[in-house]
Protein chains: 2
Amino acid sequence: MYSSILQYVNNYIALTPKEETYFISILKHRKLLKRQYLVQAGDVCRYENFVLKGCLRSYYVDDTGLEHVSQFSSENWWTSDLSSFLTGKEASLNIDALEDTEVLQIEKSALEQLYIEVPKFNVLFRILLQNAFVAQQDRIIQRMSMDATQRYLMFVQKYPNLEQRLPQHQIASYLDITPESLSRIRKQLSS
Amino acid sequence: MYSSILQYVNNYIALTPKEETYFISILKHRKLLKRQYLVQAGDVCRYENFVLKGCLRSYYVDDTGLEHVSQFSSENWWTSDLSSFLTGKEASLNIDALEDTEVLQIEKSALEQLYIEVPKFNVLFRILLQNAFVAQQDRIIQRMSMDATQRYLMFVQKYPNLEQRLPQHQIASYLDITPESLSRIRKQLSS
DNA sequence: CGTCTATTTGAATGTACTCAAAAGCGGTGG
DNA sequence: CCACCGCTTTTGAGTACATTCAAATAGACG
């Protein structure tokens, strides 16, 4: 159960057996059924979650009730409402499972203790955040400089597996277009 | 010259006098005139920059020659093309000065050495990145869930000083609308 | 098999865009 | 100090891309 997260962590920092044991001891395993919530808007997000299996979506529900997908998280991705996790305020995002999913959770206080006990985890999470920041920045720029068709093609290229696994209307939401528009774009591209 | 960055750093981590001295020793002071580039797309971005004074814009130039502002950076903000800085590849962003500007620069190798010599800087930059990540996520969600008028109002509320200081067409670009649209939105709001 | 949801297709609409031109503003030099 | 030039902002008219609303088809799940 822990091999994938240990392998993942070892890409960035080297852990002693003792540190590995300690790290594993603070992880909680959690299973979610399809459609089950990991985080609900209004709750406080108390965990950082590492995806072992399955896929989650983070989405915002606006005033008119429309859902806007901000992120998909499949195997070896981290997910949370980071803002809520950091500040302890109510989450504005929902996170739910698009498939049956398993995650490993780190509670906030346990993570803070981990930073103290094994400071090199600061390095790990700094690097993860750097990568996440760059990915988000690319997304912002793509949204500004590309039309819907180009954004879809970019998505397919970058996440071919997600394109296969996920319902089209979820992808449409991530791309910030309507399901109808994505359907027409795909028709156009296939001709 | 160094008081504002030291004060800034001390918000997050406590430095000994020795560490302060070392930190300051790796900083390079640089002045930019209005319109001068800090980073040009195609170059490698070799510095992380802390703004002492003035204001910079980060922007992407698309295939059609249009500029898209991804970020403004005024006093006490950090700026760089992080992707280029981290990977050593060519920058895709331009960064230039909207006003006469002064920055403190940290070169990549100096920063890496700093992480080794004073590991708590990992904590600092992890926290900075957390905040930057959350800010970017908010921006993505706002772009998806709000119309142009709401995004403008949000910008004014969040950055009242920038609203005052910056030319309207730069703000329009940041909001991902045309200068004409922003002009019409402001007219509408003032009536 | 039937129900519920997802996808596709069509038609009309709208928000923000493009293109064009006028007005306003600021900086520079005569 | 004023006149001019260039850039920014405003305004107008027509356009386009994606949207909304509606309905039909297809697919998934119990």
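The surface near DNA strand C in this predicted model divides into four nonpolar, five polar and six charged residues. Here Ala, Val, Leu, Ile, Met, Phe, Trp, Tyr, Cys and Pro count as nonpolar, Asp, Glu, Lys and Arg as charged, and the others, Gly among them, as polar. In total, 15 residues surround the strand. The closest are Gln168(A), His169(A), Ser183(A), Asp147(B) and Ser181(B). "Near" requires a C-beta atom, placed from the backbone, within 6 Å.

Helix H8 (168–175) and helix H9 (179–190) of chain A, with helix H9 (179–190) of chain B, each give two or more residues. H9(A) gives the most, with six residues. Helices (H or I, at least four residues) and strands (E, at least two) are DSSP runs, numbered from the N terminus.

The two H5 helices also meet.

| Surface or contact | Nonpolar | Polar | Charged |
|---|---|---|---|
| Near DNA strand C | four residues | five residues | six residues |
| H5(A) with H5(B) | twelve residues | eight residues | six residues |

Chain A has an open antiparallel sheet of four strands, ordered E1-E8-E3-E6. Strands E1 (28–32) and E6 (78–79) stand at the edges with a single partner strand each, so one side of each lacks a neighbour in the sheet. E1(A) pairs with E8(A) (residues 101–107) in the antiparallel sense over five bridges; pairing takes at least two DSSP bridges. His29(A) stands opposite Leu104(A) in E8(A).

Residues are numbered from 1 along each chain as its sequence is written, chains are lettered from A and ligands numbered from 1 in the order written. Local features need pLDDT of at least 70, side-chain atom pairs count only at pLDDT 80 or more, and totals for chains, interfaces and linings use all residues.
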